[in-house]
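Reader: I'm new to this one and would like a close look at a single part, with enough around it to find my way. Could you walk me through it slowly?

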Amino acid sequence: MAKKKCVAQYNEECSMLRNRRGQMNTGEQSPVSTHHESTQEDDRLSEGDSQSLNGTSAQHDQGIYSPNNEAQSTAFFLLVVLLSFSTRLYKIMEPPHVCWDETHFGKMGSYYINRTFFFDVHPPLGKMLIGLAGYMTGYDGTYPFLKPGDRYEHHNYWGMRGFCASLGSCLPPFAYLTVLELSQSPTAALITAAVLAFDTGCITISQYILLDPILMFFIMGAVLSMVKFNRQRYRPFSTPWWFWLVLTGVNLSGALGVKFVGLFVILLVGMNTAWDLWSLLGDLHLSLIDFGKHVLSRVFGLILLPLFLYVTIFAVHFVVLNKSGPGDGFFSSAFQSRLIGNNLHNASMPEYLAYGSIITVKNLRIAGGYLHSHWHLYPEGVGAKQQQVTAYLHKDYNNMWLVHRSNDSDAQSGEPDLVRHGDIIQLEHKETTRNLHSHLHEAPLTKKHFQVTGYGINGTGDPNDLWQVEVCGGRKGDLVKVLRSKVRFLHRATGCVLYSSGKTLPKWGWEQVEITCSPYLKETPNSQWNIEDHINTKLPNISLSVLKPHFLEILLESHIVMIRGNSGLKPKDNEMNSKPWHWPINYQGLRFSGVNETEYRVYLLGNPVIWWLNLVSLGLYVVMVAVASLALRRGVQLDKRRIEHCRVLMEGGGLLLLGWLLHYVPFYTMGRILYYHHYFPAMLFSSMLTVHLHPKMNFEIGCSLFSSSVYICFSLCLSKPCSFYMFHPLSYGMRGPLAHDPDSTMAGLKWMDSWEF
């Protein structure tokens with residue numbers, strides 16, 4: 001009886017609420033305020049009676065618009081789509097040559113078409129999609145993408161550029177829908193879309209074969225899906241509720257599958273979900289069983305499903321790239337044995353190391369490289385001026401070494417003697433005939449270690465060429481197994497151990513990895529090696545097919561290689577290195593193509609009017625939220641409309657501010673090289689946050705100063721098309737005199753000396 005009475009009371013309140021909505025819709029109040037007042041009423045219903053009905057959900061009307069308002073919103077959306085696609089696809093074939101990082105990602109798309117294995121510091125989804133787009137539009141994967149400026153000639157590149165531009169064109173419509181959900185204002189949503197549609201930086205970065213438009217597509221897709229899912233909170237476990245939950249998870253896996261920057265949007269969605277669950281836990285009308293259902297559904301949609309899709313991306317990646325290629329050397333010998341065309345694939349070689357063998361020695365640290373030497377000497381002032389010894393990540397003839405006895409008396413006939421644990425050997429470089437050598441000079445980069453060089457000639461050197469072989473975990477007399485044994489090389493004269501530091505040498509070392517002799521004898525992968533290639537015609541061979549690793553092993557190894565590769569991206573000599581504080585102020589752009597008057601020049605730079613407005617709005621938003629919070633805290637008398645406006649300002653705007661912080665602040669902690677384009681995901685959030693200060697939604701709480709500031713800001717916003725017209729040559733290409741020349745088309749527009757167009 002109590003339950004029936006509760007249901008009846010609930011239905012009566014819903015009926016009264018609908019009547020009030022009808023009265024308000026016929027009055028003078030705006031559709032926005034009508035929706036927000038009804039939302040407040042629905043909040044009280046859903047937090048009370050509706051959730052006590054054991055599965056009966058409140059029939060909460062969301063996004064109530066009048067027919068005119070719905071028509072206006074639809075018209076605005078279609079206008080945004082038309083504007084976005086037209087600005088991104090315009091002159092998509094220009095310039096007809098390789099621009100900036102197209103040399104990397106276009107080449108990687110070709111690798112997928114040719115099924116050639118390569119290494120990149122980013123997860124594979126973006127490159128896979130680029131390769132698929134090229135394949136579907138007739139590109140045959142034969143263009144080499146050697147360097148920026150190389151002309152495409154007859155090669156079909158429009159499909160890959162068009163695919164990236166199409167995904168970049170989705171950003172303004174996604175922003176429109178996101179702000180529409182957060183603010184319920186079609187006008188505010190239209191301004192947001194215009195900000196992104198007229199931004200020269202967003203246009204430029206969308207028009208080329210790059211990962212950025214693909215990454216931002218998934219980031220904005222995840223944010224839009226999350227906001228849509230939040231709007232379904234009053235219809236739990238309904239079809240739309242499940243649809244937006246699952247779509248959020250799909251977009252999260254897509255963002256992370258393109259770049260590890262996708263972790264930031266995963267963190268944003270995770271924090272939003274945690275707050276949502278915390279609110280549900282505080283609802284005493286919700287049973288613990290129902291709360292458990294909410295938790296499990298989110299675990300499925302936002303953790304298990306994205307994880308499954310992410311792993312599936314790598315499964316497809318490993319299946320497609322099954323041929324040996326330039327990335328082999330970054331991975332372990334066992335990993336390489338699965339690649340068709342690799343010298344370890346279905347190969348056979350002698351099982352045990354012997355004197356007189358020709359070998360390659362690979363460091364067990366992921367991306368530790370092969371023991372390598374070449375004719376170049378260490379420069380003056382870097383230890384002894386002897387032949388360089390480095391670690392090289394690629395297979396090369398200069399990785400070959402001859403194994404000699406310490407007394408240089410290898411057996412000349414019959415069965416060669418096998419190398420055993422504890423033996424003392426010499427390693428002679430096959431190409432230069434110099435011995436692997438160490439002495440008490442400090443290493444080039446790791447100053448507490450000793451230098452390793454090539455010394456002597458034709459195998460003749462001195463006692464500093466002697467190394468003791470140590471099989472990790474072995475005993476005296478144990479044999480050294482090719483590929484299987486973990487081996488260390490202890491220097492007899494100094495007692496140090498051969499070591500790959502993982503540090504990249506300067507240009508004099510050809511940017512290869514530093515090799516040292518470490519006095520610290522603790523066993524680590526940096527000091528452990530395995531014998532990979534082994535040539536000795538006097539020994540019988542065995543098959544290496546038993547070495548192929550299983551999927552989880554190669555998945556784990558690939559992630560370790562990517563993470564270490566990412567952290568190893570350090571600024572090179574004289575290379576432009578952007579800093580995070582440069583980005584919000586639009587301090588310096590990035591040259592995509594051309595450097596002089598005769599070349600076709602494209603310059604990545606955000607529309608300065610938009611970017612500086614975004615920067616001002618960030619500070620203004622913080623001040624307005626502080627004033628609104630203070631007014632509410634002090635009990636200032638506000639009508640329902642203004643209270644609802646404050647809620648939208650703090651909740652919707654707070655979500656966007658958090659998104660900006662998560663996609664911007666972490667870059668201050670990164671030691672790797674950074675570029676201007678890393679800011680663009682954060683710029684999407686700052687642009688949407690700017691429009692939360694739209695005058696139709698000004699959250700006036702008796703402080704005309706802030707309302708006036710908002711109107712001033714959005715008066716400036718009207719200049720977006722004008723500023724776009726002035727700066728559009730940055731995106732669509734320039735020829736002729738540079739900006740400092742009065743005859744230049746960009747004369748007078750170089751507002752900052754750091755701009756280089």
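Let's start with Phe217: does Phe217 count as buried or exposed, and why?

Author: Happy to. Keep in mind that this is a predicted model.

Phe217 counts as buried, because its relative accessibility is 18% and the cut-off for buried is under 20%. Next along the chain, Phe218 has a relative accessibility of 13%, so Phe218 counts as buried too.

Now look at how those two rings sit. A pair of aromatic rings is described by the distance of the centres and the angle of the planes. By the pairing rule, the count comes to 47 aromatic pairs. The rings of Phe217 and Phe218 have centres 5.3 Å apart and planes at 80°, so this pair is edge-to-face. You can find another edge-to-face pair at Tyr676 and Phe680, because their ring centres are 5.6 Å apart and their planes are at 80°. Tyr676 and Phe680 are both buried. They also belong to one aromatic cluster, whose members include Phe264, Trp583, Trp611, Trp660 and Tyr664.

Phe264 gives us a handy bridge to helix 12, which covers residues 262-281. Two residues of this helix make a nice contrast. Thr273 lies in helix 12, and with a relative accessible area of 13% Thr273 is buried. Setting aside neighbours within four places in sequence, Thr273 is in contact with Arg298 and Leu302. Trp275 is found in helix 12 as well, but Trp275 is exposed, because its relative accessible area is 61%. Trp275 also helps to make a nonpolar surface patch of about 550 Å², together with Trp278, Leu281 and Leu288. Helix 12 gives the most to that patch, with three residues.

Helix 4 is worth a stop too. Helix 4 runs over residues 102-114, and at 1.5 Å a residue its 13 residues should span 18 Å; the end C-alpha atoms are 17 Å apart, so the two agree. Quite a few residues in helix 4 are buried, among them Glu102, Thr103, Phe105, Gly106 and Met108. What covers the buried residues of helix 4 includes helix 5 (125-136), helix 6 (158-169) and helix 13 (288-320). Right after helix 4 comes Arg115, with a positive phi near 60°.

Let's also visit Leu749, in the segment after helix 21 (729-732). Leu749 is buried, with a relative accessible area of 10%. If you leave out residues up to four places away in sequence, Leu749 touches Met726, Phe727, Trp755 and Phe757. Ala739 is ten residues away from Leu749 in sequence, and their C-alpha atoms are 7.3 Å apart in space.

Finally, step back to the chain as a whole. The chain has 21 helices and 16 strands. Of its 757 residues, 57% count as buried, and Phe217, where we began, is buried as well. Take the contacts between residues at least 6 apart in sequence: 75% of them join residues at least 24 apart. As for the outside, the chain exposes about 32400 Å², and carbon and sulfur atoms supply 61% of that area.

Note on methods:
Residues numbered from 1 in each chain as written. Predicted model: local features only at pLDDT ≥ 70, side-chain atom pairs only at ≥ 80, totals over all residues. Heavy atoms only, no water. Helix = DSSP H or I, 4+ residues; strand = E, 2+ residues; numbered from the N terminus. Buried < 20%, exposed > 50% of the residue type's maximum accessible area, 1.4 Å probe, protein only. Contact = heavy atoms within 4.5 Å. Patch = residues over 30% accessible without salt bridge, like charges linked within 9 Å, V, L, I, M, F, W, Y side chains within 5 Å. Areas by Shrake-Rupley, 256 points an atom, 1.4 Å probe, with all protein chains shown as cover. Salt bridge = Lys/Arg side-chain N within 4 Å of Asp/Glu carboxyl O. Expected span 1.5 Å × (residues − 1). Phe/Tyr/Trp six-rings, centres within 6.5 Å; stacked < 30°, edge-to-face > 60°.
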